[in-house]
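Student: Could you take me through one part of this protein slowly? I'd like a close look at a single sheet and whatever packs against it.

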Amino acid sequence: MPILNRAAELQGEVSEWRRYLHENPEILYEVENTASFVEQKLKEFGVDEVVPGIGRTGVVAIIRGKGEGSRTIGLRADMDALPLTEITGKPWASKIPGKMHACGHDGHTSMLLGAAKYLAETRNFNGSVALIFQPAEEGGAGALAMIEDGMMERFGIQEVYGMHNMPGIPVGQFAIRKGGIMAAPDRFTITIKGRGGHAAQPHKTIDPIFIGSQLVGSLQAIAGRNADPLRSVVVSVTRFDAGTTHNIIPDEATLWGTVRTHDETTRDLAENRIRQIVEGLVGAHGATATIDYLRQCPVTSNHDRETDHAISAASDIVGTSNVDPNVDPSMAGEDFAFMLKSRPGAFIFIGNGETAALHNPHYDFDDEAISFGISYWVKLVESRLSE
Ligand code: NI
């Protein structure tokens, strides 16, 4: 079965919404304009309930099917953009310097709105659909904020499904896997306190830049020498702040970075080894250090049964040859992980073709994916709520 005719008809209109959202990106929890746009559209479609302010700026809408049914499934889209300046030169490029929809959440929000319009028109299912529009996916744990606001209980959500566009996978294809599909993304900030002085007299200082440089190399031992080679781990130092000019050795240096893992054992190991390596290496040079280590969301881990439902819905639309049921896991993080900890569900990748990588200033969501995304949501609802 191809994409739904009605979804194809909606593509033009939904693209316009997508481009409007793209021009007006908002960061983290400050998605007020986006949330009110979403709320207004949902009311136009005649959904049964629209509740703003869940998890600060999230929106949840309920659509009830024609048939009797006590079951409710949740479909989630994220709404926030990134702190990045767009350089695509597209007519609908961001109007706000320093903010950009570089992860395609404008596409996710628009596709879920398109599905809402379709489902409110047709209602060919039994039970209810909860449409979840989430703020602050990009490092703000917006999913957790919505859960902590009681969303799952309040709307009786029994299963949850998420979708993310994926550049490099052709438009018209889907990819998913059972178990871990996205990593746990933790972050650290290490502040090395040495003793500054004249750059011409290094012997009278404890040089935090020298120590920090060694630390950048030594932390690679975690992936290379400590972790089980069959279990993935990434340790990246992404920022190194120190010093002011040519002839001064500073007092302090600060290293920022991220740790990505796919299982709790390796996650614990990485944190413990970072603490040991920092303490040992810094101590060996007579300096001290503080470590600020933040565990963000857990691994995004798909449940078996719900992954099968997702595969079957996607296959109904594009055929089994266009659905990869065992895609390689990604080392990026995704806070939908919290929803999958709270309820069974599945997170799927939808092909977004040959655009630039996610989080790149050249990236733009490919609107050709819209009718596939809408069709997937509709198929999933109509098949999961068919009894
Ligand atoms: Ni994203």
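Tutor: Sure, and keep in mind that this is a predicted model. The part to look at is an open sheet of four strands, which run in the order β10-β12-β8-β13 with antiparallel pairing. Start at the edges: β10 (233–242) and β13 (288–294) each have a single partner strand, so one side of each has no neighbour in the sheet. Going from one strand to the next, the twist averages 20°.

Now move inward. Strand β8 (residues 184–193) lines up with strand β12 (residues 252–261) in the antiparallel sense, and ten bridges join the two. If you want a spot to find on screen, go to Thr191, whose bridge partner in β12 is Thr254.

Next, add the helix. Helix α8 (residues 264–284) packs on this sheet and touches β8, β10, β12 and β13. Its direction makes about 165° with that of β13.

While you're here, have a look at the side chains too. Arg239 has its charged end over the ring of Trp256, 4.0 Å from the ring's centre. By the numbering, Arg239 falls in the edge strand β10 (233–242), while Trp256 falls within β12 (residues 252–261). You'll find another arginine placed over a ring elsewhere: Arg56 lies over the face of Tyr29, at 4.0 Å from the ring centre.

Technical notes. Residues are numbered from 1 along each chain as its sequence is written. This is a predicted model: local features need pLDDT of at least 70, side-chain atom pairs count only at pLDDT 80 or more; totals for chains, interfaces and linings use all residues. Side-chain values use heavy atoms; hydrogens and water are left out. A charge sits over a ring if NZ of Lys or CZ of Arg is within 6 Å of the ring centre and within 35 degrees of the ring normal. Two strands pair if DSSP finds at least two bridges between them. Axes are lines fitted to C-alpha atoms, for helices over the stretch in contact, and angles run from 0 to 180 degrees between N-to-C directions. Contact means heavy atoms within 4.5 Å.
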